[in-house]
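Q: Please take a close look at a single part of the structure shown below. I should like a connected account of what surrounds that part and how its surroundings are arranged.

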Amino acid sequence: MSSSSPAPEFSLKLAAKDVPPAGKSIEFNANAEICAALARRFGILELQGLKGTARVRPFRKQGLIADCRFEATVIQACVVTLDPVTQRIEESFTRRWLPEQPTEPETGAVAREVLIEAEGEDAPEPMTGGAVDIGEAVAEELALAIEPYPRKPGVAYDLPSEAPEDVAEERPNPFTVLEKLKKND
């Protein structure tokens, strides 16, 4: 049994050594096969398109930072009627990566601590093999942007007509059985 994770459906790997100091722009447009695979992964009916751009530049000498923007059209089942519901998504995000064990250039020592502020920006993610996967970062952000409980416009969930108190009164009291046993003694 292999402990490695499955290959991402949408992969756009970029090695840190391939990014010039001024940065690099990447345009992407997922094909139908990738969209179908992402739809299965996210448990949605269909992903009709995923396209966007990423501007990648060096970060703290050994890492990378990417400013990404993407657009997607998602079709999901309404949580009330199960009819298809279309959602148009336009998102922007920034992601930072650093090598898993960054070294200090002056001493060659491995840096062990990363200071994280609770209200500050997210901590950099670890780079794997000196490269980052822009496609997987976009897929993760798309998953976060998908409406978790989509509803068809104008549809509302109606509660059952009887109030919860009425239902509670109809249930038999479980202590009645114990009371009968006590009387038999």
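A: In this predicted model, the cover over the buried residues of helix H2 includes S2, H1, S3, S4, S5 and strand S7 (131-133). H2 itself comprises residues 134-145, and its buried residues are Ile134, Gly135, Glu136, Ala137, Val138, Ala139, Leu142 and Ala145. The length of the helix agrees with expectation, because its twelve residues should span 16 Å at 1.5 Å a residue and its end C-alpha atoms are 17 Å apart. At the N-terminal end, H2 is capped by Asp133, which places a side-chain oxygen 3.2 Å from the backbone nitrogen of Gly135.

Two of the buried helix residues, Ile134 and Leu142, also belong to the largest nonpolar core, which has 34 residues. Together with Leu47, Leu50 and Val56, they are the residues with the most contacts inside that core. At least two core residues come from each of strand S2 (24-29), helix H1 (32-42), strand S3 (46-59), strand S4 (63-77), strand S5 (84-99) and H2. In soluble globular proteins, nonpolar side chains tend to be buried together. Leu142 illustrates the packing: leaving out residues up to four places away in sequence, Leu142 touches Phe42, Leu47, Leu50, Phe70, Ala72, Val74 and Ile89.

The helix lies across S2, S3, S4 and S5, and runs at about 135 degrees to S5. These strands belong to an open sheet of five, ordered S2-S3-S4-S5-S6, with mixed pairing. S2 and strand S6 (125-127) each have a single partner strand and stand at the edges, so one side of each lacks a neighbour in the sheet. On average, neighbouring strands of the sheet are turned by 25 degrees against each other, direction ignored.

The sheet beneath this description can be followed pair by pair. S2 and S3 are antiparallel and share six bridges; within this pairing, Ile26 has Ala54 in S3 as its bridge partner. S3 and S4 are likewise antiparallel, over 13 bridges, and Val56, one of the core residues named above, stands opposite Ala66 in S4. S4 and S5 pair in the antiparallel sense over 14 bridges, and here Glu71 stands opposite Glu90 in S5.

One residue of S4 merits separate mention. Thr73 lies in that strand and counts as buried, because its relative accessibility is 15%, against a cut-off of under 20%. Apart from neighbours within four places in sequence, Thr73 is in contact with Glu46, Leu47, Gln48, Gly49, Thr86, Gln87 and Arg88. Leu47 is thus listed among the contacts of Thr73 and also among those of Leu142.

The loop joining S3 to S4 completes the picture. The hairpin of these strands has three residues between them, and Arg60 and Lys61 both lie in this loop. Phi of Arg60 is near 50 degrees, a positive value in a residue other than glycine. Lys61, also not a glycine, has a positive phi near 65 degrees. Both residues are exposed: the relative accessible area of Arg60 is 57%, and the relative accessibility of Lys61 is 74%.

Technical notes: Residues are numbered from 1 along each chain as its sequence is written. This is a predicted model: local features need pLDDT of at least 70, side-chain atom pairs count only at pLDDT 80 or more; totals for chains, interfaces and linings use all residues. Side-chain values use heavy atoms; hydrogens and water are left out. A nonpolar core is a set of buried Ala, Val, Leu, Ile, Met, Phe, Trp, Tyr and Cys residues joined through side-chain atoms within 4.5 Å. Buried means under 20% relative accessible area, exposed over 50%, partly exposed in between (1.4 Å probe, protein chains only). Helices (H or I, at least four residues) and strands (E, at least two) are DSSP runs, numbered from the N terminus. Contact means heavy atoms within 4.5 Å. The expected span of a helix is 1.5 Å times one less than its number of residues. A polar contact is a pair of N or O atoms within 3.5 Å; within protein, one must be able to donate a hydrogen and the other to accept it, and residues adjacent in sequence count only if both atoms are side-chain atoms. Two strands pair if DSSP finds at least two bridges between them. Axes are lines fitted to C-alpha atoms, for helices over the stretch in contact, and angles run from 0 to 180 degrees between N-to-C directions.
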